[in-house]
Amino acid sequence: MKAESISTPRIVACPRCGAPVPWAPQSRWRPFCSERCKLIDLGDWATERYRIPGVESPDPGDDGGDTPPPLRDD
Ligand SMILES: [Zn+2]
């Protein structure tokens, strides 16, 4: 194993502002760039400003046994 593989941390983009964040122990708020961005993001979730597309509850009322096949990850 070469030492350089661990000397350069992976860079990720802050989900809030897109700032580059080194994926390293010193990046305390990763994947966010700062505590501010993390708190803002969590606040958005708490107030349900985010809507996840495609996540809908299946209709439990129609229990006719016609269950669609599960998604397969081939
Ligand atoms: Zn940020």
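Me: Is A13 buried or exposed, and how many C-beta neighbours does A13 have inside 10 Å?

Reply: The general idea is a neighbour count: a residue is buried if 20 or more other C-beta atoms lie within 10 Å of its own, exposed if 12 or fewer, and partly exposed in between, with C-beta atoms placed from the backbone. A13 has 12 C-beta neighbours inside 10 Å, so A13 counts as exposed. Before going on, two notes on ground rules. This is a predicted model, where local features need pLDDT of at least 70 and side-chain atom pairs count only at pLDDT 80 or more, while totals for chains, interfaces and linings use all residues. Residues are numbered from 1 along each chain as its sequence is written.

Me: Okay, how much should I trust the model, and where is confidence lowest in the protein chain?

Reply: Look at pLDDT, the predictor's confidence in each residue, from 0 to 100. The protein chain averages 80, and 69% of the residues score at least 70. Confidence is lowest in helix α1 (residues 4–7), with a mean of 61, and highest in β2, at 95.

Me: What pattern does the protein chain follow along the sequence?

Reply: Helices (H or I, at least four residues) and strands (E, at least two) are DSSP runs, numbered from the N terminus. Here there are 2 helices and 2 strands, and the order reads α-β-β-α.

Me: How do β1 and β2 pair, and over how many bridges?

Reply: Two strands pair if DSSP finds at least two bridges between them. β1 (residues 10–13) and β2 (residues 20–23) pair in the antiparallel sense over 4 bridges. A13 stands opposite P20, and V12 has V21 as its bridge partner. The two strands form a hairpin with 6 residues between them, and G18 in the turn has a positive phi of about 80°.

Me: Is G18 buried or exposed?

Reply: Same counting game: G18 has 10 C-beta neighbours inside 10 Å, so G18 counts as exposed. In space, G18 sits 8.4 Å from C33, C-alpha to C-alpha, although they are 15 residues apart in sequence.

Me: Which residues is V21 in contact with, outside its neighbours within four places in sequence?

Reply: A contact means that the C-beta atoms of two residues, placed from the backbone, lie within 7 Å. V21's list is I11, V12, C14, S27, R30, P31, F32 and C33. V21 is buried because 22 other C-beta atoms lie within 10 Å. For A13, the contacts beyond four places in sequence are G18 and P20.

Me: P31 is on that V21 list. What kind of peptide bond joins R30 and P31?

Reply: Check omega. The bond is cis, with omega at about 5°. P31 lies in the loop between β2 and α2. As for R30, its C-alpha atom is 9.2 Å from that of A13, 17 residues away along the chain.

Me: How far apart are the end C-alpha atoms of α2?

Reply: The expected span of a helix is 1.5 Å times one less than its number of residues. The 12 residues of α2 (residues 35–46) should therefore span 16 Å, and the end C-alpha atoms are 16 Å apart, which agrees. This helix is hardly covered, though: the count of buried residues among its 12 residues is 0.

Me: What percentage of the protein chain is buried?

Reply: Buried residues make up 4% of the 74 residues. Among contacts between residues at least 6 apart in sequence, 8% join residues at least 24 apart.
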